[in-house]
Amino acid sequence: MQPNHYTITRQDAEVLKQLVAFVSQDVFDERRHDGGIGKSAAFLAIINDARGALEQIGAYDFDHENDDDLQPYTFWWEGPFDLPSNEIEHALAGETEGRPGLVFKRVQVNTALPSGYFADLQFAIDEAQGKICTLISIPIDQTELILGPNWYDIGENLEVTIELIVDGIETHPTWVQYFQAQA
């Protein structure tokens, strides 16, 4: 006999929320003609259906229950600074090779936690195409996590684009959990 409804524990819901958040941020199923990667409409529909199912069972109802107990954290950035060619990360150099007229810059991402420094954001600006290629280097426990390279539209202006990228790092579920563990 099959049950006509399912129940999951709060811990199960948290695991599923983390999976949906990870897939939403870091998993892509198509490569665009410009070399960038993205999510197809079908994949986005699946992600939205999964998030909707979790919302329907109340999986997000207690997300902010203990916010007063958490140490606040925010990210801010300094720069952009010129990036000398001998300091460009290999992955960024490889991704942008052969594109004329690129300008390379660096931004330092900081956090309010005691360590202060969080990451380096290196990027190449392709003004002719209105694109920016980013590479984020985050030192963690004797290693370095590299995110990218990723291409984005510059949008309104470079400062707004950088702010959106830094906000994306700050709100990524990996760092939310990391900072909660540090608190």
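These numbered points go through a predicted model of one protein, from its overall layout to its cores and surface.

1. Overall layout. The protein is built from 5 helices and 7 strands. Followed along the sequence, these elements come in the order α-β-β-α-β-α-β-β-β-β-α-α.

2. Burial and surface. The protein has 183 residues, and buried residues make up 32% of them. Its accessible surface comes to about 11800 Å². Carbon and sulfur atoms account for 52% of that surface.

3. Contacts across the sequence. Take the contacts in the protein with a separation of 6 or more: 48% of them join residues that are 24 or more positions apart.

4. The largest nonpolar core. This core has 17 residues. Which of them touch the most other members? They are Val107, Val109, Phe118, Leu121, Phe123, Ile136 and Ile162. At least two residues of the core come from each of β3, β4 (103–111), β5 (117–126), β6 (131–140) and α4 (158–171). The largest share is that of β5, with 5 residues.

5. A second core. Separate from the core just described is another, made of 8 residues. Among them are Ile88, Leu92, Cys133 and Leu135.

6. Val109 and its contacts. Val109 is one of the core residues that touch the most other members, and it is worth looking at by itself. Neighbours within four places in sequence are left aside here. Val109 is then in contact with Phe75, Trp76 and Trp77, with Tyr117, Phe118, Ala119 and Leu121, and with Val166. Of these, Phe118 and Leu121 also appear among the core residues that touch the most other members.

7. Two cis peptide bonds. Most peptide bonds are trans. Where are the cis bonds to look at in this model? One runs from Gly79 to Pro80, with omega near 5 degrees. Pro80 lies in strand β3, which covers residues 75–82. Another cis bond runs from Gly148 to Pro149, again with omega near 5 degrees. Pro149 belongs to strand β7, residues 143–153.

8. A nonpolar patch on the surface. Ile8, Leu16, Leu19 and Ile57 make a nonpolar surface patch of about 350 Å². Ile8 lies in the segment before α1 (10–26). Why can Ile8 count towards a patch? A patch takes residues with over 30% relative accessible area, and Ile8 is partly exposed, with a value of 39%. Ile8 therefore passes that cut-off.

Technical notes
Residues numbered from 1 in each chain as written. Predicted model: local features only at pLDDT ≥ 70, side-chain atom pairs only at ≥ 80, totals over all residues. Heavy atoms only, no water. Helix = DSSP H or I, 4+ residues; strand = E, 2+ residues; numbered from the N terminus. Buried < 20%, exposed > 50% of the residue type's maximum accessible area, 1.4 Å probe, protein only. Contact = heavy atoms within 4.5 Å. Areas by Shrake-Rupley, 256 points an atom, 1.4 Å probe, with all protein chains shown as cover. Patch = residues over 30% accessible without salt bridge, like charges linked within 9 Å, V, L, I, M, F, W, Y side chains within 5 Å. Salt bridge = Lys/Arg side-chain N within 4 Å of Asp/Glu carboxyl O. Core = buried A, V, L, I, M, F, W, Y, C linked by side-chain atoms within 4.5 Å.
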